[in-house]
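Here are my notes on the model you sent round. They are set out as numbered points, to be read with the coordinates open.

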Amino acid sequence: MHAKHRGHEAMHAEMVLILIATLVVAQLLLVQWKQRHPRSYNMVTLFQMWVVPLYFTVKLHWWRFLGIWVFFSAVTAFVTFRATRKPLVQTTPRLVYKWFLLIYKISYAIGIVGYMAVMFTLFGLNLLFRIKPEDGMDFGISLLFYGLYYGVLERDFAEMCADYMASTIGFYSACGMPTKHLSESVCAVCGQPIFVDVNEEGIIENTYRLSCNHVYPSTGHTRLATDSHLRRSLAPGPPIAPNTQQLTQQDNLII
């Protein structure tokens, strides 16, 4: 083996340099793409993260993951379809928030259990339950993967749905001030009654209050995605199009 590769040291060093240069250039291109065209970057990376695992699950016969993936994809596709319709149905924002909050809590719990299983195995506590180390480690890593994968995936889908709904929510007017006004007991997003008080911890959804005193039910991470849209569209002053690319088109333009 060494005789075959004798005299190839220069070629091997050249290959390593090409690899490092490719990684650096690719990283710079990705950063520039994300900064200049964030919408296309988010859509492409979300699509790849959603579809690429399907190839490996079919090839390696991971039927459990495939079944969960199909169920998650079907429900998420339905929720995303509802969120991108115009006109937006009043019950759609609450449906979107409830679904993604449910997935967020399930992913969070699964990740915690997986992390605990890995740590227990590393400290040898699995022997108390007569569980083999390889079985305990496989179980913990699998749960960690499920929690991280579906947690990140549903976060990106939630942000995308929030962007679409913010552009059709009705608080933006192409000329003049928005004419939609809501009372404190009505959601500032969907116009439906609020069931959970601002200071209460909800099971399915929580309620948040903006600096403009409007309240709306939402999840923790989707709240971050919609805060900026609601602040710009509900606050007094000249109306601003509620999207991340500072579009100046009319309200019926889909982001």
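**Notes on the predicted model**

1. Phe-56 is partly exposed, with a relative accessibility of 41%. The model is a predicted one, and the ring of Phe-56 takes part in an aromatic pair with Tyr-55. The geometry of that pair is edge-to-face, with 5.2 Å from centre to centre and 75° between the planes.

2. Which helices does the pair of Phe-65 and Tyr-149 tie together? Phe-65 belongs to helix H3 (residues 63–83) and Tyr-149 to helix H5 (residues 133–167), so the contact joins parts that are 84 residues apart in sequence. The two rings are tilted, with 5.7 Å between centres and 55° between planes. Both Phe-65 and Tyr-149 are buried.

3. The pair of Phe-65 and Tyr-149 is part of a wider set. Ring pairs connect Phe-65, Phe-71, Phe-72, Trp-99, Phe-145, Tyr-146, Tyr-149 and Tyr-150 into a cluster. Over the whole structure, the search returns 16 aromatic pairs.

4. On the overall layout, the protein has 6 helices and 2 strands. Read from the N terminus, the order of elements is α-α-α-α-α-β-β-α. Of its 255 residues, 35% count as buried.

5. Helix H2 covers residues 38–60 and includes Met-43. The end C-alpha atoms of H2 are 33 Å apart, which agrees with the 33 Å expected for 23 residues at 1.5 Å a residue. The buried residues of H2 are Tyr-41, Leu-46, Pro-53 and Thr-57. Met-43 is partly exposed, at 37% relative accessible area. The C-alpha atom of Met-43 lies 8.5 Å from that of Met-160, although the two residues are 117 apart along the chain.

6. Helix H4 runs over residues 92–122 and contains Ile-106. For the 31 residues of H4 a span of 45 Å is expected at 1.5 Å a residue, and the end C-alpha atoms are indeed 45 Å apart. Ile-106 counts as partly exposed, with 39% relative accessibility. A C-alpha separation of 7.7 Å sets Ile-106 against Gly-147, 41 residues away along the chain.

7. The second largest pocket holds about 270 Å³ of space. Its lining is made up of 14 residues, and those closest to the centre are Ile-68, Ile-106, Ile-110, Tyr-146 and Tyr-150. H3, H4 and H5 are the elements that each give two or more residues to this lining. By class, the lining has 11 nonpolar, 2 polar and 1 charged residues. Two of the residues closest to the centre, Tyr-146 and Tyr-150, also belong to the aromatic cluster.

8. How many salt bridges does the structure hold? The count is 1, and the partners are Arg-155 and Asp-156, with 3.1 Å from N to O. Asp-156 counts as buried because its relative accessibility of 19% falls under the 20% cut-off. Arg-155 is partly exposed, at 36%.

9. Several backbone features deserve a look in the loops. His-61, in the loop between H2 and H3, has a positive phi near 60° although the residue is not a glycine. His-61 comes just after H2. Arg-130 also has a positive phi of about 60° without being a glycine, and its place is in the loop between H4 and H5. The relative accessibility of Arg-130 is 82%, which counts as exposed. Gly-124, just after H4, takes a positive phi of about 80°.

10. The peptide bond between Lys-86 and Pro-87 is cis, with omega of about 0°. Pro-87 sits in the loop between H3 and H4.

Note on methods
Residues numbered from 1 in each chain as written. Predicted model: local features only at pLDDT ≥ 70, side-chain atom pairs only at ≥ 80, totals over all residues. Heavy atoms only, no water. Salt bridge = Lys/Arg side-chain N within 4 Å of Asp/Glu carboxyl O. Buried < 20%, exposed > 50% of the residue type's maximum accessible area, 1.4 Å probe, protein only. Helix = DSSP H or I, 4+ residues; strand = E, 2+ residues; numbered from the N terminus. Expected span 1.5 Å × (residues − 1). Phe/Tyr/Trp six-rings, centres within 6.5 Å; stacked < 30°, edge-to-face > 60°. 1 Å grid on protein atoms, 1.4 Å probe; cavity = no way out; pocket = protein on both sides within 12 Å on 5 of 7 lines; lining within 4 Å. Points joined across faces, edges and corners; volume = space filled by probe spheres on them. Nonpolar A, V, L, I, M, F, W, Y, C, P; charged D, E, K, R; others polar.
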